[in-house]
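Hi everyone, thanks for coming. Have a look at the sequence and the structure on the screen, and I'll talk you through them.

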Amino acid sequence: MTKQQALYKYLLRLGDNPLILGHRLSEWCSRGPILEEDLALTNIALDNIGRAQAFLKYAAEVEGLGKTADDLAYKRDERSFYNNLIAELPIGDFAYTIARQLLIAVFEQLQFTDLSNSSNETIAGIAAKSLKEVRYHVAHARDWCYRLGKGTEESHNRLQRAFNELWMYTGELFEMYDEDVILVFDGVAGDLNTLKIQYYDAVQKILNDSNIQIPVVDYMQTGSRKGIHTEYLGHILAEMQYLQRAYPDATW
């Protein structure tokens, strides 16, 4: 794998995660439990889509084949996406969405703090801008964990169940492959292994403060770094890519 290929695949990962998660969060539009949360989740979705556009635009430039961010978002098939599995899971109930947001946002805060010091100026710039948004995402999910975890028996049980179901997807966040090794050596990407302890410590503190027990799992899900996904990604892409695939030469 060349350095260009490594950077391209890494940028796809950085773009695919917010693209798919943003699409998932957009499903809350007009369905939030209260108006304020309807707006909050929709705005978080927009933050993700904006970040996806930035990373995929840069990925297209690195690939050098004349493609655009839209081409990479709407004209790749399922096996060419590298988003983490946790991002593509259905939104579930409100507690499930909040639990997933916490698990992803805490990771992103650590990741973008690290990437803000990347030797690649474009990645560093996108990471620094994203970090401002992600800090809010963490605070939003954390505060709701407090409310739900310490609220009624029903809200507590739903949140606990959500973390129990999602915990096995967290290990994949720290998997490193060939492109990571190449980019870490050049200072472009950070070593995810160095973030793992910080991540679980931060999440555990929030869960403890929310009266939520740390889940115990026997294994962790994997596959996305090789383009292997759950059944849900195909359904997302069928909906998200329909217009562009039906009218590939359309102009606005």
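**Buried and exposed in an all-helix model**

Let me start with burial: of the 252 residues of the protein, 52% count as buried. Buried here means under 20% relative accessible area, exposed means over 50%, and partly exposed is in between, with a 1.4 Å probe and protein chains only.

A word on where the numbers come from. This is a predicted model, where local features need pLDDT of at least 70 and side-chain atom pairs count only at pLDDT 80 or more, while totals for chains, interfaces and linings use all residues. Residues are numbered from 1 along each chain as its sequence is written, and side-chain values use heavy atoms, with hydrogens and water left out.

Now the fold. How many helices and strands does the protein have? There are eleven helices and zero strands; these are DSSP runs numbered from the N terminus, with H or I over at least four residues for a helix and E over at least two for a strand. The radius of gyration is 18 Å, close to the 18 Å from the globule rule for 252 residues, so the protein is as compact as a globular protein of that length. That radius is taken over C-alpha atoms, and the rule is 2.2 Å times the number of residues to the power 0.38. Along the principal axes, the C-alpha trace spans about 55 × 40 × 35 Å.

On contacts, meaning heavy atoms within 4.5 Å: among those in the protein with a separation of 6 or more, 79% are accounted for by residues 24 or more positions apart. The accessible surface comes to about 12100 Å², and carbon and sulfur atoms hold 53% of it; the areas are Shrake-Rupley values with a 1.4 Å probe, and for residues only the protein chains shown count as cover.

Next, helix H1, residues 3-26. Its 24 residues reach 35 Å from first C-alpha to last, close to the 34 Å expected at 1.5 Å a residue; the expected span is 1.5 Å times one less than the number of residues. Is H1 mostly covered or mostly open? Mostly covered, with 20 of its 24 residues buried.

One residue to pick out in H1 is His-23, which is buried at a relative accessible area of 13%. Beyond its neighbours within four places in sequence, His-23 touches Ile-49, Ile-236, Glu-239 and Met-240.

H1 residues also turn up around Ala-87, which sits in helix H4, residues 85-88. At 2% relative accessibility, Ala-87 counts as buried. Setting aside neighbours within four places in sequence, the contacts of Ala-87 are Asn-17, Ile-20, Leu-21, Arg-24, Arg-100 and Ile-104.

For contrast, let's go to the outside. Ile-197 is in helix H9, residues 193-209, and at 64% relative accessibility it counts as exposed. Its C-alpha lies 33 Å from that of Asp-38, which is 159 residues away along the chain.

Finally, two loop residues for the backbone fans. Which phi does Ser-30 have? Near 75°, a positive value in a residue other than glycine. Ser-30 lies in the loop between H1 and helix H2 (35-63) and is exposed, with a relative accessible area of 64%. Asn-211 also has a positive phi, near 60°. Asn-211 belongs to the loop between H9 and helix H10 (231-240), and at 47% relative accessibility it counts as partly exposed.

That's my tour, thanks for listening!
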